[in-house]
2 protein chains.
Amino acid sequence: MSKRDYLVKYEDLYKIAKEMFMGLGYSDEQASTVTECLVEADSRHKHSHGVAAMMTYVSHLRAGNLHLDAPAPTTVFETPVSLVLDGHSGVGYCIADYAVKKTIEKAKKTGICITTVRQANHYGFAAHWSEMMAKEGFIGMAMTNTVRCVCPTRSAERNLGTNPITVAFPTADEEPMFNLDMATCVMAHGKLVRSQVFAETGVIPREVIIDGNGNVVTDFKEALEILHHGDDRSECPDPHTGGLVPLGGVTETLSGHKGYGLAMLVELLTGGLAGGTPSKFIPLAHEGICFFFMAIDPALFGNPQEVKEHIKYIINEYRKTTALDPELPVIMPGDKSRAARAKALKEGIELSPEIVDILREVAKLTNKEKELEAVVHHE
Amino acid sequence: MSKRDYLVKYEDLYKIAKEMFMGLGYSDEQASTVTECLVEADSRHKHSHGVAAMMTYVSHLRAGNLHLDAPAPTTVFETPVSLVLDGHSGVGYCIADYAVKKTIEKAKKTGICITTVRQANHYGFAAHWSEMMAKEGFIGMAMTNTVRCVCPTRSAERNLGTNPITVAFPTADEEPMFNLDMATCVMAHGKLVRSQVFAETGVIPREVIIDGNGNVVTDFKEALEILHHGDDRSECPDPHTGGLVPLGGVTETLSGHKGYGLAMLVELLTGGLAGGTPSKFIPLAHEGICFFFMAIDPALFGNPQEVKEHIKYIINEYRKTTALDPELPVIMPGDKSRAARAKALKEGIELSPEIVDILREVAKLTNKEKELEAVVHHE
């Protein structure tokens, strides 16, 4: 952590953030669910999905785009192994929480369940949902389409979401030892927009975003302008607005078409199977986002304990891989996140001055300024 | 096609290739299944998985690594929505064919089925299997681990497979209009090894393979040496042998860890859920390869016709994307392959002189030289 950073105890951040959400009009239950997701994200150094998002929700509330009074999700269609829900444009985290709990409940009976959701909203830190399933003993998979910000291969039209895929495996150990959580573009929207390094240097030294002519953009300010272009409108952006680059890069040379293919796959599994909206038509306020959840019981493949032992065996075989640099060992998807969380629980969550400033703004709006200052401090 | 290339009618290539396989000792049924996969691959310009593979099978047969007399796959474990098979080191294509047919049969009853297979062998062109499910009206997913050839992020130890993922969707049209088929590395093993361009120029002008020190290899001969190093042994290769680069590149800068994460995901879904062998321990002859198949009925999410119409709607919305270069339109995964197949059915399959030379070698071994010359010709 940098010397500028603040430290706050996990439970303190949870308490104050929840109070602020309730001050903004969230119900006790809504505030609990949202706060848990955000604080969990901050504890794992995924600050792009942490409490800093509060200010975004304040704007959405002001614009009338966040519907705290939306009805609870309703069932559109159901079979013993599947469920289609309508989220009625409610709070994304709460819709996801409802959907994942239902998915687990159904998978406990049949061994497998796929749940798709239409008319949802941003669900934050995706690995939270796959891990929720893994902690109940299932292989958990979660996908979401998002606001349009990625360009298909061969185009500069920003019409795909960052469309993250997350999959967590339960193992013979208590905690999930594998939790892949990846946007299908080179760099996720939130990570780019909130990058401290890019903001400080003004430069993006990588192939992560293109302009309307398909050229790689290295100027951070220009990148932000591209990402925000057309956000005030609900229609599809003009062609050639530029946007994020799919995993694999701009061209097909290093297989950018594979990242594009994965993003399209997520469009079809989420919007496609939910009868919902593709990312192309999802506005900045995230109304219309669609989810895909799947829980798979290891008991479908034999004695569940043995299956989980075998998963652990394979993970451990790959953990033995010799690293090029002993200081940078070969790790599993989810390792960094789990280590960061363990440290945060012991030593406190690190928050940058920028994040604390956002919290201060929301604290002012909700009369929690004193309470906030009492819990955030430099080391 | 180049002027050097040969043309052969689909049905002629099928007939002669099947006869040659039978000449090598394959049963009528084995030869039919294998030949269909190979000729389908050639018809789609996926020559790395086409009839040129015959010579590899000849070597495996000679080395005693290809077991034509292996027993049919047996059931290790089964539930109404899942199946675990043991392939008994038989012919990979035939094991996959059996597994996919069983997956479809079971999914017809319950709407969903996951089948995993241990002790299988190379199943060729992966999209063949996802498409088989899509043609029966299911969303079809297929994955396989493979011979070790990819290095995890931060390592030069070649221990992951190319671990391709393929997913096909049925749509309201007859043919699957989306069929993603991607190795989780930048460039698949077969594509690299059989690249005519790299062979002619001697240079690989891309970040697709690293040496034992983690440096990108641009010399084609050196790349082949790296890929074949340790192939004569069944144990794990020495650390720092070098190998293929995961999708996203060597470092984490452009998210190479995402390609690595996807490759690990495939290890866990195939070997992990089949109680089988990880790629790390799979020798050149492919003995021990594991599969993962999943068929999902669109009827799990509502009226199946409406679900398929909605999938088509989303695909078509993305087909409207404005291309940077009108000569290079934005396409869907599977489009190139389908167009190539349609052309090949009408005009014949294009085969390079190198591929025809391989066929001639096998024809010599099986006394089919005259028959082969009668069907392959220049345009």
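**Exercise 1. Find which residue of S10(B) stands opposite Ile112(B), then place the two strands in their sheet.**

Step 1. Ile112(B) faces Ile296(B) in S10(B). Strands here are DSSP runs (E, at least two residues), and helices are runs of H or I with at least four, numbered from the N terminus. The model is predicted: local features need pLDDT of at least 70, side-chain atom pairs count only at pLDDT 80 or more, and totals for chains, interfaces and linings use all residues. Residues are numbered from 1 along each chain as its sequence is written, chains are lettered from A and ligands numbered from 1 in the order in which they are written, and side-chain values use heavy atoms, without hydrogens and water.

Step 2. Strand S4 (residues 112-120) and strand S10 (residues 289-296) of chain B run antiparallel, with 7 bridges. Pairing requires at least two bridges found by DSSP.

Step 3. Now widen the view. In chain B, 7 strands make an open sheet with mixed pairing, in the order S2-S3-S4-S10-S5-S6-S7. Strand S2 (74-79) and strand S7 (178-182) of chain B are the edge strands, each pairing on one side only.

**Exercise 2. Work out how S2(A) and S3(A) are joined.**

Step 1. Strand S2 (residues 74-79) and strand S3 (residues 82-86) of chain A are antiparallel, joined by 5 bridges.

Step 2. Thr79(A) lies opposite Ser82(A) in S3(A).

Step 3. The two strands form a hairpin, with 2 residues between them.

**Exercise 3. Describe how chain B is laid on chain A.**

Step 1. Superpose by least squares on the C-alpha atoms of residues with pLDDT of at least 70 in both copies.

Step 2. A turn of 180° and a shift of 0.0 Å along the axis lay chain B on chain A, with an RMSD of 0.0 Å. That is the relation of a two-fold axis.

Step 3. In chain B, Gly248(B) has the C-alpha nearest the axis, 2.4 Å from it.

**Exercise 4. Describe the interface of chain B and chain A.**

Step 1. Each side is counted by contact (heavy atoms within 4.5 Å). Chain B gives 84 residues and chain A gives 84 residues.

Step 2. About 7,000 Å² is buried between the chains, 72% of it on carbon and sulfur atoms. Buried area is the accessible area (1.4 Å probe) lost on putting two parts together, summed over both.

Step 3. There are 4 salt bridges between the chains. Each needs a side-chain nitrogen of Lys or Arg within 4 Å of a carboxyl oxygen of Asp or Glu. Glu317(A) and Lys280(B) form a salt bridge at 2.7 Å, N to O.
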